[in-house]
Amino acid sequence: MNVAPAIRRGLDVALELTVVGSFSRIGYAARRALFDWDTAPVADLSGRVAVVTGATSGLGLAAAHLLAERGADLVLVGRDEARTEAARRAILHAQPGNHIETVIADLASLDAVRAGAAQLARLLPRIDVLIHNAGLLSHELQRTDDGIELTAQVHVVAPFLLTAALLPVLRVSDTPRVITVSSGGMYTQRLDVDALETPPQPFDGVRAYANAKRAQVVLNQQWTQHAAARAIAFHAMHPGWADTPGVQSSLPSFRRVMRPILRTAEQGADTIAWLAGTPEALESNGDFWLDRHRRTTTWLPQTRTAPIEAERLWNWCLDRSGTRELIEAAS
Ligand SMILES: NC(=O)c1ccc[n+]([C@@H]2O[C@H](COP(=O)([O-])OP(=O)(O)OC[C@H]3O[C@@H](n4cnc5c(N)ncnc54)[C@H](OP(=O)(O)O)[C@@H]3O)[C@@H](O)[C@H]2O)c1
């Protein structure tokens, strides 16, 4: 599109202020046209190794397909053997030349995450891209066998443990990246570490989800400040609103109303795959993205994270994931 860059950027920001326009497929289509994405495709990822959690469904499966299309070798991390193998076969069917493996780990079990990380480290001499995508929105309070509320464990503690355990394998890459799939829902929520530990009663699943997604974005920045993670690029993104099995089951009323303008899973996953290869992701660290552009992490002053709360989150993750020694050793 023949429009000056400053005008394009202004239009993009105006779109963002509409929220619905930005998060829906309208935002995706508008930005694709505004920024000529077809002339700036997802990078060639031949020879690159990407690990994707939650690759059996929705955005994770779509991202895995996009990465494979660009030549990446993949390890799909799933909790169910049959579903994970079905995803591997589907991707291989579409991209027969790729090397695709599976690792089974239920993120609701920290022992399973430790075992999965050990298997990944044995399997892979190097990880170029680690994508934390697995997620859920539960309307009921559930605690895992580790004693952690399920949403907080799957989105926050388990990915923290996986990153910590895989630091040595990430560091072997010349351009290691850790990408976290957060949510625009986190814009409504201030980080509340106490609520991660002890969810207020009655349990509000949407709030617990937004708090966990906010925690992901804060941790994305926290990692960049720790020596253990030096030379690794951390980025978080949100996919807008995409029509996935997760949205269908957890937010059926929202989906009924919004369905005509929801993104496809591929549209939601575009920025995940783009971040996996773009040199832009190596020019900065700890950023938050939507539709291939950096975005603010706070719209409302009351949702800003105080440094002391960010530090509390870091320490809570160290304690809950049992990684204090691991991180110190890597520093
Ligand atoms: N769709 C959207 O509009 C939207 C918007 C904002 C953010 N997001 C985020 O995008 C990510 C993907 O969501 P989606 O919409 O694609 O949902 P989805 O279709 O339900 O996919 C979720 C994936 O996470 C996996 N998963 C869930 N719990 C797990 C556990 N305990 N251990 C291991 N894997 C687990 C699921 O595995 P199974 O197949 O075994 O269930 C599945 O592969 C999530 O982090 C979500 O919060 C989505």
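**Exercise 1.** How many bridges join strand 5 to strand 6, and do they run parallel or antiparallel?

*Solution.* Keep in mind that this is a predicted model.
- Step 1: find strand 5 at residues 177-181 and strand 6 at residues 233-237.
- Step 2: count the bridges between strand 5 and strand 6, and you get 5.
- Step 3: look at the directions: strand 5 and strand 6 run parallel.
- Step 4: zoom in on one pair, where Thr180 has Ala236 of strand 6 as its bridge partner.

As background, strands of a sheet pair through backbone hydrogen bonds, either parallel or antiparallel.

**Exercise 2.** Work out the order of the strands in the sheet, then find its edges.

*Solution.*
- Step 1: trace the 8 strands across the open sheet, and you should read 3-2-1-4-5-6-7-8. The pairing is mixed.
- Step 2: look for strands that pair on one side only; these edge strands are strand 3 (100-104) and strand 8 (293-294).
- Step 3: now add a helix. Helix 4 lies across strand 1 (49-53), strand 2 (73-78), strand 4 and strand 5, and it runs at about 170° to strand 1.
- Step 4: add another one. Helix 12 (residues 265-277) packs on the sheet too, touching strands that include strand 6 and strand 7 (287-290). The direction of helix 12 makes about 170° with that of strand 5.

**Exercise 3.** Is Leu136 buried, partly exposed or exposed?

*Solution.*
- Step 1: locate Leu136 in the loop between strand 4 (129-132) and helix 7 (150-170).
- Step 2: count the other C-beta atoms within 10 Å of Leu136, which gives 18.
- Step 3: compare with the cut-offs: buried takes 20 or more, exposed takes 12 or fewer. With 18, Leu136 is therefore partly exposed.
- Step 4: check who Leu136 touches. Leaving out residues up to four places away in sequence, the answer is Thr151, Val154 and Gly246.
- Step 5: try a distance. Leu136 and Val247 are 111 residues apart along the chain, yet their C-alpha atoms are separated by 9.0 Å.

**Exercise 4.** Which residues are closest to the ligand, and how does the shell around the ligand divide by residue type?

*Solution.*
- Step 1: 29 residues surround the ligand, and the closest are Gly54, Gly58, Gly135, Thr244 and Gly246.
- Step 2: sort the shell residues into 12 nonpolar, 13 polar and 4 charged.
- Step 3: see which helices help out: helix 4 (58-69) and helix 10 (245-250) each supply at least two residues of the shell.

Notes: Residues are numbered from 1 along each chain as its sequence is written. This is a predicted model: local features need pLDDT of at least 70, side-chain atom pairs count only at pLDDT 80 or more; totals for chains, interfaces and linings use all residues. A residue is near a molecule or strand if its C-beta atom, placed from the backbone, lies within 6 Å of it. Helices (H or I, at least four residues) and strands (E, at least two) are DSSP runs, numbered from the N terminus. Ala, Val, Leu, Ile, Met, Phe, Trp, Tyr, Cys and Pro count as nonpolar, Asp, Glu, Lys and Arg as charged, and the others, Gly among them, as polar. Two residues are in contact if their C-beta atoms, placed from the backbone, lie within 7 Å. Two strands pair if DSSP finds at least two bridges between them. Axes are lines fitted to C-alpha atoms, for helices over the stretch in contact, and angles run from 0 to 180 degrees between N-to-C directions.
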